[in-house]
Amino acid sequence: FFPLQSQLSQALNGLSDRAKEAKEFLVQLRNMVQQIQENSVEFEACLVAQCDALIDALNRRKAQLLSRVNKEHEHKLKVVRDQISHCTVKLRQTTGLMEYCLEVIKENDPSGFLQISDALIRRVHLTEDQWGKGTLTPRMTTDFDLNLDNAPLLQSIHQLDFVQMKVSSPVPAPPILQLEECCTHNNSATLSWKQPPLSTVQVEGYILELDDGNGGQFREVYVGKETMCTVDGLHFNSTYSSRVKAFNKTGVSPYSKTLVLQTSEDTQSEEQTLPFPVPLERSQLRRMSPFSSTLNLQPSFPGRSYFELRSSAHQLSLHSSLQSLNSAGELSASGISSLVLAWFSFDPASAHADIIFSNDNLTVTCNSYDDRVVLGKTGFSKGLHYWELSIDRYDNHPDPAFGVARIDVLKDAMLGKDDKAWAMYVDNNRSWFMHNNSHTNRTEGGITKGATVGVLLDLTRRTLTFSINEDQQGPVAFENLEGLFFPAVSLNRNVQV
């Protein structure tokens with residue numbers, strides 16, 4: 001009896017395991033049902049979008065072909081109408097000559113007839129010759145010599161099918177982050193990756209993701225074929241986690257290992273060598289903001305780190321400047337206890353060709369009488385930032401402009417002429433704020449040689465405020481700022497900053 005109970009108990013344990021596996025399998029199948037429904041909706045939307053794109057392309061081509069038909073139509077009508085007009089005039093002249101000749105034949109005065117007969121006969125022959133061969137032949141056919149060969153396109157439409165149903169290839173392997181080429185500079189991070197050495201699966205592109213610097217959710221910051229990307233506009237002194245995955249027509253690979261990057265750490269030294277310098281000769285894809293869609297190709301560059309100001313004349317000057325802007329930025333001296341100085345210079349790579357650089361790219365002027373734009377190398381998308389510019393030379397009362405701009409701002413016009421810049425332009429007596437060529441808030445007070453222009457970019461409150469010689473110039477200049485901004489200046493040959 002007891003051995004049978006033991007056998008039954010063991011059998012029940014095995015059956016229980018199978019039942020547990022069956023329950024888990026049912027959960028998996030139910031999840032598959034939900035996933036199939038979601039994938040179906042996504043796939044249908046993709047299919048409709050692709051077909052709509054084909055239809056749009058066909059409609060555009062249809063419009064182009066109809067335009068050619070209309071041009072041919074107008075050309076044929078013009079030729080025929082010109083021939084009708086020409087023939088009508090000649091027929092009127094011929095008819096008039098015939099009527100005149102008939103009247104002359106009726107003339108009873110022989111002497112008068114003899115006087116004009118020879119000339120009249122020559123004129124009749126000349127007119128007849130003018131109706132020579134080809135005069136009464138149409139210069140244009142009524143047929144339209146435009147034959148549309150749509151057979152190849154129709155065949156392609158009939159052959160349109162899902163590639164995946166015919167050819168199935170595996171998804172790519174997870175990319176490998178190349179630690180020796182990953183680095184940070186100020187508030188930018190450069191990441192580089194590659195496919196595993198033995199991988200033979202075709203890769204169509206990569207997806208790079210970063211978190212928000214506070215351990216939050218990952219977000220896509222780059223999608224494309226490049227294997228190196230620089231992400232600008234991050235927080236200073238923050239830790240970001242990054243990962244990358246590959247994709248092809250079949251699907252998406254698993255993620256690479258997660259790499260943790262620290263944007264420029266605090267140090268007592270003004271200079272710090274980057275642990276992994278990026279070669280100057282190598283170009284990378286530069287992402288303008290972790291959460292924007294602006295892409296731009298730029299070369300890598302070595303940079304200087306930043307450090308915390310503790311007690312120096314620079315700190316006191318900066319405190320004073322920020323205190324003078326207290327009404328706009330709501331700052332107080334007690335609230336500024338850990339200011340960080342980020343070293344950046346003007347950027348020759350993005351500047352107008354007329355800009356002249358000196359002093360390790362910290363000083364700029366221009367060789368043109370027209371306004372030209374130059375940007376700083378460091379972009380900001382978060383936090384509170386303040387910088388000052390000194391007027392080294394100011395001749396003939398020009399009106400340079402100071403502020404912030406997108407990377408693709410116009411470089412051959414005054415800063416603020418387009419919608420990519422927010423600026424204050426100022427002469428020796430007064431200033432104006434300008435964005436998208438709109439001039440506002442005229443304020444008395446200008447600049448001279450030796451003056452200092454301060455720019456306070458508060459991306460927490462999304463405002464931009466200006467000062468001249470540590471006194472706030474006008475009200476808060478701009479509000480609702482969002483995105484990635486670079487320090488920017490426009491000037492001509494009469495100014496050096």
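The following dialogue between a student and a tutor examines a predicted model of a protein chain.

Student: How many helices and strands are there in the protein chain?
Tutor: The protein chain has 497 residues, and 37% of them count as buried. Its secondary structure comprises 6 helices and 26 strands.

Student: Among contacts between residues at least 6 apart in sequence, what percentage join residues at least 24 apart?
Tutor: The contacts considered here are those in the protein chain between residues at least 6 apart in sequence. Within that set, the share joining residues at least 24 apart is 64%.

Student: How much of the area that the protein chain exposes do carbon and sulfur atoms supply?
Tutor: The chain exposes about 29,800 Å². Of this area, carbon and sulfur atoms supply 54%.

Student: Is Gln-178 buried or exposed?
Tutor: Gln-178 lies in the loop between strand E1 (176-177) and strand E2 (183-185). Its relative accessible area is 13%. Buried means under 20%, and therefore Gln-178 is classed as buried.

Student: Which residue has a backbone oxygen 3.5 Å from a polar atom of the side chain of Gln-178?
Tutor: Not counting residues up to four places away in sequence, Gln-178 touches Ser-192, Trp-193 and Lys-194. Lys-194 is 16 residues from Gln-178 in sequence, and their C-alpha atoms are 7.0 Å apart. The backbone oxygen in question belongs to Trp-193.

Student: How many of the residues of strand E19 are buried?
Tutor: In a regular strand, side chains alternate between the two faces of the sheet. In E19, Ala-421, Ala-423 and Tyr-425 point one way, while Trp-422, Met-424 and Val-426 point the other way, and all are buried. Strand E19, residues 421-426, is thus mostly covered, and the count of buried residues is 6 of 6.

Student: Which residue in E19 stands opposite Ala-401?
Tutor: Strand E18 (residues 401-405) pairs with E19 in the antiparallel sense over 5 bridges. The residue of E19 that stands opposite Ala-401 is Tyr-425.

Student: How many residues are between E19 and E20 in their hairpin?
Tutor: E19 pairs with strand E20 (residues 430-435) in the antiparallel sense over 4 bridges. Across this pairing, Val-426 has Ser-431 as its bridge partner. In the hairpin that the two strands form, the number of residues between them is 3.

Student: Which residues have the most contacts inside the largest nonpolar core?
Tutor: The largest nonpolar core has 35 residues. Among the elements that give two or more residues to this core are E18, E19, strand E22 (452-458) and strand E23 (463-468). Leaving aside neighbours within four places in sequence, the contacts of Leu-457 include Phe-380, Trp-387, Val-404 and Leu-464. The residues with the most contacts inside the core are Leu-457 and Leu-464.

Student: Which strands stand at the edges of the open sheet with the order E5-E4-E7-E8?
Tutor: This open sheet has 4 strands with antiparallel pairing. Each edge strand has a single partner strand, so one side of each is left without a neighbour in the sheet. The edges are strand E5 (219-224) and strand E8 (259-262).

Student: Which residue in E8 is the bridge partner of Ser-242?
Tutor: Ser-242 is found in strand E7, whose residues are 239-247 and which pairs with E8 in the antiparallel sense over 4 bridges. The relative accessible area of Ser-242 is 1%, and the residue is buried. Its contacts, leaving aside neighbours within four places in sequence, include Leu-177, Leu-191 and Phe-218. Its bridge partner in E8 is Leu-259.

Student: What is the phi of Asn-186?
Tutor: Most residues other than glycine have a negative phi. Asn-186 is found in the loop between E2 and strand E3 (188-194), and it is buried, with a relative accessible area of 0%. Although Asn-186 is not a glycine, its phi is positive, at about 50 degrees.

Student: Asn-436 also has a positive phi; at what relative accessibility does it count as partly exposed?
Tutor: Asn-436 lies in the loop between E20 and strand E21 (438-444). Its phi is about 55 degrees, although it is not a glycine. Partly exposed residues fall between the limits of 20% and 50%, and Asn-436 therefore counts as partly exposed at 47%.

Conventions: Residues are numbered from 1 along each chain as its sequence is written. This is a predicted model: local features need pLDDT of at least 70, side-chain atom pairs count only at pLDDT 80 or more; totals for chains, interfaces and linings use all residues. Side-chain values use heavy atoms; hydrogens and water are left out. Buried means under 20% relative accessible area, exposed over 50%, partly exposed in between (1.4 Å probe, protein chains only). Contact means heavy atoms within 4.5 Å. A polar contact is a pair of N or O atoms within 3.5 Å; within protein, one must be able to donate a hydrogen and the other to accept it, and residues adjacent in sequence count only if both atoms are side-chain atoms. Accessible areas come from the Shrake-Rupley method with a 1.4 Å probe; for residues, only the protein chains shown count as cover. Two strands pair if DSSP finds at least two bridges between them. A nonpolar core is a set of buried Ala, Val, Leu, Ile, Met, Phe, Trp, Tyr and Cys residues joined through side-chain atoms within 4.5 Å.
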